[in-house]
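Me: Could you take a close look at one salt-bridged residue here and then walk me outward from there? I'd like the local detail tied to the rest of the model.

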Amino acid sequence: MTLEKDDIDPKLLEILVCPLTKSTLRYDRANQELISDDAGLAFPIRDGVPIMLVDEARRLDAQE
Amino acid sequence: MQAAMNENKSLSPFNRSLVKMRRARAAQNMPQAGFLHQEVAARLLERLDDINRSFDTAFALGWDAAEHPLPAEHAFYADLAANRAQAMPGPAVACDEEVLPIAENSLSLLLSNLSLHWVNDLPGTLIQINRALKPDGFFLAAMLGGETLSDLRRALLDAELAICGGVRPRLSPMAEVRDLGGLLQRAGFAMPVADAETIPVSYADPLALMRDLRAMGETNAVHDRQKTMWRRDVLLEACRLYCDRHSNAEGRILAHFQVLFLTGWAPGPNQPRPKQPGSAKARLADALGTKEMQVKGSRRPD
């Protein structure tokens, strides 16, 4: 993996939830996103920093 | 639609995307303009020091104080602005204080350094913080209070009133220390305490103070604020009033930041609790060595 330097802290991953629904998140390591299936949002991770802001999240398509 | 929007604004006085933009823009001015945040961070850590406790998982909102890392095994940092979060001294997230992305029962300590005074729904945020804490977890926050820069507010108000014959909403509402204890209690915190400290800062003139506020990203973010610049004559009159009223011997002016400190514990099993009324085993009169007297018109408890 080339992402090691910017990889998200595993303990941080453990305590993060979706800000809107407070449900657990799916970590998409390849695309560097944290996905909330309940809210239909994908939160980007930039340089190892999850951006848990609803207005900066990507809306999921129906098939995702 | 317009009516609905207006209603929404009245419930949410602050424009959060504007707060985010200001914080992001201010990042380049830190740490020079961040002296207040640094000072408050140091005072928060001092208070934390007084608590004889070690913390495993800590989370700090709006920390922004690289030389003051958190004393915890796992310390996480957060800011509303992504570029500020990326500059933190440890693992960080960008998050909105109004919708916290933290799982229930996951933190032993949550700190906030001057990040809660722009929150619209403070009771809602406090409830979310309480839920994020483990039982007996500790919450410690500093926020700017209603007495902050009251001299500057007064000078601007007087100048605008004198020159324009009226005033416009330019100044943001802030919390009072007397409201916060009740707010903490309502959010479910045990042993809530709110107190205030005043930090005096001296400036060459009022314009230097206003430049600093802008550099800190702490200018007005109220939805219905007056969006144009101050009129030049109003600004000059306000500066004159301020200097007249608050200059010191060296010709510098003093400004006062009121910082409110909030502390509370998530309810836990071994915390001290008040006893049930009527559960006393001894009489107060005996302890005081006096004779119990009945107040006229009152009923003695059985």
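Reply: A:Arg26 is partly exposed, at a relative accessible area of 41%, and its side chain pairs with that of A:Asp37 in a salt bridge, 3.0 Å from N to O. This is a predicted model, by the way, so take every number here as computed. A:Arg26 sits in strand 1 (residues 26-28) of chain A, while A:Asp37 is in the loop between strand 2 and strand 3 (41-46), so the salt bridge ties together parts that are 11 residues apart in sequence. The partner, A:Asp37, is partly exposed too, with a relative accessible area of 43%.

Now step back one residue from that aspartate. A:Ser36 belongs to strand 2 (residues 33-36) of chain A, and with a relative accessible area of 0% it counts as buried. Setting aside residues up to four places away in sequence, A:Ser36 touches A:Cys18, A:Thr21, A:Ser23, A:Leu25, A:Leu41, A:Phe43 and A:Leu60.

As for the chain around them, chain A has one helix and five strands, in the order α-β-β-β-β-β along the sequence. It runs to 64 residues, 44% of which count as buried. If you take contacts in chain A between residues at least 6 apart in sequence, 25% of them join residues at least 24 apart. Its accessible surface is about 3700 Å², with 46% belonging to carbon and sulfur atoms.

Chain A also has a partner to deal with. Here 19 residues of chain A are in contact with 23 residues of chain B, and the two chains bury about 1700 Å² between them, 68% of that on carbon and sulfur atoms. On the chain A side, A:Lys11, A:Ile15 and A:Leu53 lose the most area to chain B, together 33% of what that side buries. Two salt bridges run between the chains, and one joins the side chains of A:Asp55 and B:Lys20, at 3.0 Å from N to O. Add to the picture nine residue pairs in polar contact across the interface, both residues at pLDDT 80 or more. The elements giving two or more residues to this side of chain A are helix 1 (10-15) and strand 4 (49-52). Strand 4 provides the largest share, four residues.

Over in chain B there are 10 helices and seven strands. Of its 302 residues, 48% count as buried. For contacts in chain B between residues at least 6 apart in sequence, 77% join residues at least 24 apart. The accessible surface of chain B is about 15700 Å², 53% of it on carbon and sulfur atoms.

Back to salt bridges, then: the count over all chains is 23. One of those in chain B is formed by B:Glu97 and B:Arg16, whose closest N and O atoms are 2.7 Å apart. The two are 81 residues apart, with B:Glu97 in the loop between strand 3 (92-95) and strand 4 (107-113) and B:Arg16 in helix 2 (residues 16-26) of chain B. B:Glu97 counts as buried because its relative accessibility is 4%, and B:Arg16 is buried as well, at 11%.

B:Arg43 and B:Glu197 form another salt bridge, with 2.6 Å between the closest N and O atoms. Here B:Arg43 comes from helix 3 (residues 35-49) and B:Glu197 from strand 6 (residues 190-203) of chain B, so the pair ties together parts 154 residues apart in sequence. B:Arg43 is partly exposed at 21% relative accessibility, as is B:Glu197, with a relative accessible area of 23%. Both belong to a network of salt bridges that links B:Glu39, B:Arg43, B:Arg47, B:Asp195 and B:Glu197.

Two more spots on chain B are worth a look. B:Arg131, in helix 5 (residues 122-132), counts as exposed at 51% relative accessibility. Leaving out neighbours within four places in sequence, B:Arg131 is in contact with B:Glu104 and B:Asn105. The C-alpha atoms of B:Arg131 and B:Ala103 are separated by 8.0 Å, with their positions 28 residues apart along the chain. The other spot is a nonpolar surface patch of about 230 Å², made by B:Leu157, B:Leu161 and B:Val167. B:Leu161 is in helix 6 (residues 150-164) of chain B and is partly exposed, with 47% relative accessibility.

Notes: Residues are numbered from 1 along each chain as its sequence is written. Chains are lettered from A and ligands numbered from 1 in the order in which they are written. This is a predicted model: local features need pLDDT of at least 70, side-chain atom pairs count only at pLDDT 80 or more; totals for chains, interfaces and linings use all residues. Side-chain values use heavy atoms; hydrogens and water are left out. Patches are made of residues with over 30% relative accessible area and no salt bridge: like charges are joined within 9 Å, nonpolar side chains (Val, Leu, Ile, Met, Phe, Trp, Tyr) within 5 Å. Accessible areas come from the Shrake-Rupley method with a 1.4 Å probe; for residues, only the protein chains shown count as cover. A salt bridge is a side-chain nitrogen of Lys or Arg within 4 Å of a carboxyl oxygen of Asp or Glu. Buried means under 20% relative accessible area, exposed over 50%, partly exposed in between (1.4 Å probe, protein chains only). Contact means heavy atoms within 4.5 Å. Buried area is the accessible area (1.4 Å probe) that two parts lose on being put together, summed over both. A polar contact is a pair of N or O atoms within 3.5 Å; within protein, one must be able to donate a hydrogen and the other to accept it, and residues adjacent in sequence count only if both atoms are side-chain atoms.
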